[in-house]
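Student: I would like to go through this model by asking what each label rests on. Please set the value against the definition each time.

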Amino acid sequence: LSKVGGSVGIGNVKGKPVAITRTGTSSYIAFSLSCPHQGVKLTQAATGWVCDAHGSEFEADGDLLLGPATTGLAPVPIKVSRGVATIG
């Protein structure tokens, strides 16, 4: 995540797919990659995340762009210290 706004799926945390996005020079957020509409795993798109099952679209930071989902992606706790992210 070399640039602010960059986002990457990191695999599963406690059995759930998770992504990290860099929101500032030294700030990051983590969120679930399960669509809030019906739980389908999201895939990365050019500017964010998309649900291939029903077409919901989300920004790189998990905010909702287009439904049928009615909320953004669920946050996951993250702590970054000395370049190491601890998630969950």
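Tutor: First, the terms for secondary structure. Strands (E, at least two residues) and helices (H or I, at least four residues) are DSSP runs, numbered from the N terminus. Two strands pair if DSSP finds at least two bridges between them. Strand 2 and strand 3 form a hairpin with 2 residues between them. This is a predicted model, in which local features need pLDDT of at least 70 and side-chain atom pairs pLDDT 80 or more, while totals for chains, interfaces and linings use all residues. Residues are numbered from 1 along each chain as its sequence is written, and side-chain values use heavy atoms, leaving out hydrogens and water.

Student: What makes strand 2 and strand 3 a pair?

Tutor: Strand 2 covers residues 16-24 and strand 3 covers residues 27-32; the two run antiparallel and are joined by 6 bridges. That count meets the bridge requirement, so they are paired. In this pairing, Thr21 has Ile29 as its bridge partner, and Val18 stands opposite Ser32. Strand 2 is also joined to strand 1 by 6 bridges, again antiparallel, with Val8 bridging to Ile20.

Student: Why do strand 1 and strand 8 count as edges of their sheet?

Tutor: The sheet is open, with 4 strands in the order 1-2-3-8 and antiparallel pairing. Strand 1 and strand 8 (75-76) each have a single partner strand, so one side of each lacks a neighbour in the sheet.

Student: Which strands are the edges of the sheet with the order 4-5-6-7?

Tutor: That sheet is open and antiparallel too, with 4 strands. Its edges are strand 4 (43-44) and strand 7 (64-66), each pairing on one side only. Strand 6 (residues 57-59) and strand 7 run antiparallel with 2 bridges, which is enough to count as a pair. Within it, Glu57 is opposite Leu66.

Student: Why is Cys35 called buried?

Tutor: Buried means under 20% relative accessible area, exposed over 50%, and partly exposed in between, with a 1.4 Å probe and protein chains only. Cys35 has 3%, so it is buried. Cys51, at 2%, is buried as well. In strand 2, 7 of the 9 residues are buried.

Student: How many disulfides are there, and what rules out a bond between Cys35 and Cys51?

Tutor: There are 0 disulfides. A disulfide is a pair of cysteine sulfur atoms within 2.5 Å. The sulfur of Cys35 lies 4.1 Å from that of Cys51, its closest cysteine sulfur, which is too far for a bond.

Student: What makes the set that includes Cys35 and Cys51 a nonpolar core?

Tutor: A nonpolar core is a set of buried Ala, Val, Leu, Ile, Met, Phe, Trp, Tyr and Cys residues joined through side-chain atoms within 4.5 Å. The largest one has 10 residues, among them Phe31, Leu33, Cys35, Trp49, Cys51 and Phe58. A second, separate core has 6 residues, including Val13, Ile20, Val76 and Ile87. In soluble globular proteins, nonpolar side chains tend to be buried together.

Student: Why is Leu1 called partly exposed?

Tutor: Leu1 has 39% relative accessibility, which falls between the two cut-offs, so it is partly exposed. Leu1 is in the segment before strand 1 (7-13).

Student: What makes Leu1, Val8 and Ile10 a patch?

Tutor: Patches are made of residues with over 30% relative accessible area and no salt bridge, where like charges are joined within 9 Å and nonpolar side chains (Val, Leu, Ile, Met, Phe, Trp, Tyr) within 5 Å. A salt bridge is a side-chain nitrogen of Lys or Arg within 4 Å of a carboxyl oxygen of Asp or Glu. Accessible areas come from the Shrake-Rupley method with a 1.4 Å probe; for residues, only the protein chains shown count as cover. Together, Leu1, Val8 and Ile10 have about 210 Å² of accessible area and form a nonpolar surface patch.

Student: Are Lys14 and Arg82 buried or exposed?

Tutor: Lys14 has a relative accessible area of 73%, so it is exposed. Arg82, with 84%, is exposed too. Lys14 is in the loop between strand 1 and strand 2 and has a positive phi of about 55° although it is not a glycine. Arg82, in the loop between strand 9 (78-81) and strand 10 (84-87), has a positive phi near 55°.
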